[in-house]
Amino acid sequence: MADRITDPWGARTPYPQGGDWPIRVDEHSDGPVDRWVQSACVLCSHGCALDIGVRDGRIVGVRGRAVDRVNHGRLGPKGLYGWQANNSSDRLLRPLVRRDGELREASWEEAMDLVVERTRGLLGIRGSGALGFYTSGQLFLEDYYTLALIARGGLGTNHLDGNTRLCTATAGQSLKETFGCDGQPSGIHDIEYCDTILHLGINTAETQTVLWMHELDRLRGPNPPRSVVVDPRETESAREAQVHLAIVPGTNLAVLNGLAQQLIANDRLDLAFLENHTIGFDALERTVSAYTPERVADICGVSANDVRRAGEIIGEAEHLLTFVLQGVYQSHQATASACAANNLNLLRGMIGKPGAGILQMNGQPTAQNTRETGCNGDLPGFRNWQNEAHVAQLARLWNVDPLQIPHWGPPTHAMEIFRYAEQGSIQLLWVAGTNPAVSLPDLRRVRSILSREELFLVVSDAFLTETAQLADVVLPVAIWGEKTGTFTNTDRTVHLSERAVEPPGEARSDMEIFLDFARRLDLRDKDGEPLVKWSTPDECFEAWKECTRGRPCDYTGLTYEKLRGSSGVQWPCNDEMPDGTERLYESLSFPTFPEICEDYGHDLQTGAAFSEADFKALNPQGRAILKTTKWTLPHEWAGNEYPFDLATGRTIYHFHTRTKTGRAPELQAAAPDAWVELSAQDAERLGVAEGDMLRVSSLRGSVEAPARISHIRPGLVFIPFHYGYWDVADHAGHDGRPRAANELTLTIWDPVSKQPQLKTAAVKVERVG
Ligand code: SF4
């Protein structure tokens, strides 16, 4: 196989529109393999199916699964090399507890006693509001559902969210605002049928590498799709596009309103679809009419003719497929912009048909499951916290009093959880499988919160991350390959991942840890029976199926057995759709009925939540909701003292804060350190050459990293957010070179999805060496 570090996408296998994407099996192993064990990759939301190669009880490689619908055997660099993290010599093997200021090894008994004693104490004195849980996009469905039951049904805390708040909260929220419920409308096989792809703030080549292979093979085949890219950086997809709108960060909504204006002004509308299957057209038309190409050009720093040309391409599309990701979700007016993306497809009636639809992508591999199970600020099974009938269903399922399930207000989102911890009302915070000390905005503040004397910090992780280093108790976990369970990718495909090897040392799966926690707390249902009624992953999966019965994310047709040996299956999968569902909304009926919907919606400008009465007055009744709002200035905008805009983002070789990929030698060697990307014009103006050390500063902190000169938009700098301090001697905030991009970002979030804005901040740049 070719060196997939230097050739990340591998050889092309072109195919025509409507053709099958050919199989190509990618494999990498460290010597011979004794047996292969079924799984899928957990290093991005694409969820490529793979088999884990095992020899002598160790993971020694991976091989893409040819039979699977998602990847047809392909793997990207992270999938091919990332597994090596499992074998890393610095895995946590035993629990750690803080004694005399130092983390020291302890038994599970000691560690869990401490956690349970503190939980009981806080429940007794301060109540469930003193307990917070912050999870990940890395656990399995079974881990999440177990925690959701314990936290919401057992402890009764509303403070449960995941780091998926940072990556996919806006994806889920925009789907709720437009269609009434979360759930990806399209499937990735729509790439095979589309004639036009709209990329909005998504760099598929690096963030979903196998998705880019799927696209690139269409682009190299007969009848390739045309493409429009909105991104301030010149990405691989921008290089392939007919139009690249390199907008100023923070102006997504203006350009998307402008594209809607062009569709309306040029009669590029599906009037029958709009009449029968949507509401809100008149208000939309009134709002977007102000966004003429000239005004958009003025706001976004692009040419008016390019806006017109982009509008033409979208207007001429017969099969329009729209991809959206963090460039929209982590930016200013995130939910409004993601809804504005949905509007473009709705205006053209491009939904529920082969090649025509929307993929509001996820960032993290199991982000979809946090949203489904209620670990990410919603109630399990896409239930609506404002709908008493939904709460009652859940209470019946869990055999608890409905009042035990917090639903007096919206579930607490991550940024609020950290604020409560800062203010002292949350006094126990359990962080599972994530690293907020590198991934949250404004790290100086985050470190100070996590280090508070009054906060009891529990961290479950496989490694001593920057966050774990600040914990009072650290619990060693079994990760992918060391436990059995399921997870769901960005296009609703559920995969089974089997345990291939034993976990190292005394590490346990997250589900086992949560079950132990519930047992020790003696959590009971209202009949005095144990609250959690399962002890194995497959029992948990069966319970989860019941939770989804009749809901849009219906899993009732799935079993571990069905997922074993063959391809992953897309939900809903039930008696009606036993083989799963390629795309939602083929019937053009949307879950916007008040008794079904997951959310009654929000005002996109202020974030004010609508009530059931508001929603009933709106009366969508199965029709999609067109909504947008006017563009406003971001909270920070490049100016005199801080003349550059900052965008943070990802590289193809790393996942999240490199907890795993930084321990895979090939990936780490390919991208060992942070960098500051700037345009050639700005470099010349500042007298900066490639590799010069730069200091980038904002009102909150600074980062020092070498310069990389690229085709980025002038006035913008880009820094990858993966790099913290666990693998360098120096520590930001202590001494040495700060290099975590989130030293610079600000504590601010979208009013609707509550997703932090990691892509709009003002900075200055200096050459320091
Ligand atoms: S595209 Fe994503 S899921 Fe697939 S191999 Fe790469 S990192 Fe893994």
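Begin by selecting arginine 74, which lies in the loop between strand 4 (58–64) and helix 1, where helices (H or I, at least four residues) and strands (E, at least two) are DSSP runs numbered from the N terminus. The model is a predicted one, in which local features need pLDDT of at least 70 and side-chain atom pairs count only at pLDDT 80 or more, while totals for chains, interfaces and linings use all residues. Residues are numbered from 1 along each chain as its sequence is written, and side-chain values use heavy atoms, with hydrogens and water left out.

Arginine 74 counts as buried, at 0% relative accessibility; here buried means under 20% relative accessible area, exposed means over 50%, and partly exposed is in between, with a 1.4 Å probe and protein chains only. Show its contacts next, a contact being heavy atoms within 4.5 Å: apart from residues up to four places away in sequence, arginine 74 touches Thr13, Trp21, Pro22, Ile23, Arg24, Asp26, Cys48, Val210, Met213 and Asp217.

Two of these names, Cys48 and Val210, lead to the ligand, since the residues surrounding the ligand are Cys41, Leu43, Cys44, Gly47, Cys48, Leu75, Gly76, Lys78, Gly79, Thr209 and Val210, a residue being counted if one of its heavy atoms lies within 4 Å. Colour this shell by class and there are six nonpolar, four polar and one charged residues, with Ala, Val, Leu, Ile, Met, Phe, Trp, Tyr, Cys and Pro taken as nonpolar, Asp, Glu, Lys and Arg as charged, and the others, Gly among them, as polar. At least two residues of the shell come from each of helix 1 (77–81) and helix 7 (209–219).

Now select helix 5 (residues 169–179), of whose 11 residues 11 are buried. Among the elements that cover these buried residues are helix 4 (164–167), helix 14 (326–329), helix 15 (334–347), strand 14 (357–360), helix 16 (367–373) and strand 21 (624–625). Glycine 180 follows helix 5, and its phi is positive, near 90°.

Continue to glycine 183, placed in the loop between helix 5 and strand 9 (196–200) and counted as buried at 0% relative accessibility. Not counting residues up to four places away in sequence, glycine 183 touches Leu175, Phe382, Trp571, Leu584 and Tyr585, and Leu175 is one of the buried residues of helix 5. A distance drawn from the C-alpha of glycine 183 to that of glutamine 360 spans 9.1 Å, although the two are 177 residues apart in sequence.

Another buried residue of helix 5, Phe179, opens the view of the nonpolar interior. A nonpolar core is a set of buried Ala, Val, Leu, Ile, Met, Phe, Trp, Tyr and Cys residues joined through side-chain atoms within 4.5 Å. In the largest such core, of 134 residues, the members that touch the most others are Phe179, Leu245, Phe323, Trp480 and Val717. A second, separate core has 70 residues, including Leu160, Leu379, Trp430 and Ile513.

Turn next to the charged side chains. The whole structure holds 53 salt bridges, a salt bridge being a side-chain nitrogen of Lys or Arg within 4 Å of a carboxyl oxygen of Asp or Glu. In helix 24 (residues 612–618), lysine 616 and glutamate 612 form one of 3.0 Å, N to O, and the two are four residues apart, about one helical turn. Lysine 616 is partly exposed at 46% relative accessible area, as is glutamate 612 at 34%. Elsewhere, Glu109, Asp113, Arg508, Asp516, Arg519 and Arg520 are joined into one network by salt bridges that share partners. Within this network, select aspartate 516 and arginine 520, whose side chains meet at 3.0 Å, N to O, and which both lie in helix 21 (residues 510–521); aspartate 516 is buried, with a relative accessible area of 9%.

For the last stop, centre on aspartate 442, in the loop between helix 19 (436–439) and helix 20 (443–450). Which side chain of opposite charge is nearest to aspartate 442? That side chain is arginine 444, 5.3 Å away, and aspartate 442 is buried yet has no salt bridge, with Lys and Arg counted as positive, Asp and Glu as negative, and His and the chain ends not counted. Beyond neighbours within four places in sequence, aspartate 442 is in contact with Arg700, Asn742, Thr745 and Thr747.
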